[in-house]
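Me: I am new to this structure and would like to learn how to read it, feature by feature. Could you take me through it slowly?

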Amino acid sequence: MPVVTGYNTFEGSWFVLLSTSAPTNVTASDSLLNAFKAGDNRRTSWIGNVTVSGTTYYFPNKYKVRTGATVSEYYTMFRLAEQYLIRAEALAQQNSISQAVGDLNVIRQRAGLVDLSTSITQAECFTAIEQERRIELLCEWGHRWFDLSEPIGLMQC
């Protein structure tokens, strides 16, 4: 539960943009926007936008409340999707690719994406895990920073 008066989450206070002026803190990069696959429901659910003076700015919008005395959002500390991603990586490390892909497909199905083939290679599986981690965990607790700092599977993010 949030403990700072006026904030539901710090992510909301940082990332949710106001439409009154051009953003001064953060916007979603083209790289992030282009990382979403066509039809990925997370793009419409988790990326917001504002238009200021004819320019549209995109921002992370997982947490929807910028400020407010009434608490209506809580941090999500443990995500089921993250547990699937951790297990998928462990299974891929053990070369149990079809099982790893099964875990990835649970996440992809919820996002409205088609299933990955269970006949992909180990390297392709690690790439798919990286992709799902990037999208699924965007703007949560620094996951992306840690993924970029440490190798995932057999490759560097």
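Me: In what pattern do the helices and strands follow one another along the sequence?

Reply: Helices (H or I, at least four residues) and strands (E, at least two) are DSSP runs, numbered from the N terminus. Read in that way, the chain follows the pattern α-α-α-β-β-α-α-α-α, with 7 helices and 2 strands. This is a predicted model, in which local features need pLDDT of at least 70 and side-chain atom pairs count only at pLDDT 80 or more, while totals for chains, interfaces and linings use all residues. Residues are numbered from 1 along each chain as its sequence is written, and side-chain values use heavy atoms, with hydrogens and water left out.

Me: How do helix 4 and helix 5 lie against each other?

Reply: Axes are lines fitted to C-alpha atoms, for helices over the stretch in contact, and angles run from 0 to 180 degrees between N-to-C directions. Angles under 35 degrees count as roughly parallel, over 145 as roughly antiparallel, 65 to 115 as roughly perpendicular and the rest as oblique. Here the axes of helix 4 (residues 80-93) and helix 5 (residues 97-110) come within 7 Å and cross at roughly 160°, which means that helix 4 is roughly antiparallel to helix 5.

Me: Which residues meet between helix 4 and helix 5?

Reply: Contact means heavy atoms within 4.5 Å. On the side of helix 4 the residues include Tyr 84, Leu 85 and Leu 91, and they meet a set in helix 5 that includes Ala 100, Leu 104 and Ile 107. For classes, Ala, Val, Leu, Ile, Met, Phe, Trp, Tyr, Cys and Pro count as nonpolar, Asp, Glu, Lys and Arg as charged, and the others, Gly among them, as polar. The contact of helix 4 with helix 5 divides into 11 nonpolar, 1 polar and 3 charged residues.

Me: How do helix 5 and helix 6 run relative to each other, parallel or antiparallel?

Reply: Their axes come within 11 Å and cross at roughly 30°, so helix 5 and helix 6 are roughly parallel to each other. Among the residues that meet are Val 101 and Arg 108 in helix 5, and Cys 125 and Glu 132 in helix 6. By class, the contact of helix 5 with helix 6 has 8 nonpolar, 1 polar and 4 charged residues.

Me: How many residues are in the largest nonpolar core?

Reply: Buried means under 20% relative accessible area, exposed over 50%, partly exposed in between (1.4 Å probe, protein chains only). A nonpolar core is a set of buried Ala, Val, Leu, Ile, Met, Phe, Trp, Tyr and Cys residues joined through side-chain atoms within 4.5 Å. The largest has 16 residues, and those with the most contacts inside it are Ala 92, Ile 97, Ala 100, Leu 104, Cys 125 and Ile 129. Helix 4, helix 5 and helix 6 (122-136) each supply at least two residues of this core. Apart from it lies another core, of 9 residues, among them Trp 46 and Ile 135.

Me: What is the sign of phi at Ser 53 and at Asn 95?

Reply: Most residues other than glycine have a negative phi. Ser 53, however, has a positive phi of about 50° although it is not a glycine, and Asn 95 has a positive value near 65°. Ser 53 is in the loop between strand 1 (47-52) and strand 2 (55-60) and counts as exposed at 76% relative accessibility. Asn 95 is in the loop between helix 4 and helix 5, and is exposed, with a relative accessible area of 52%.
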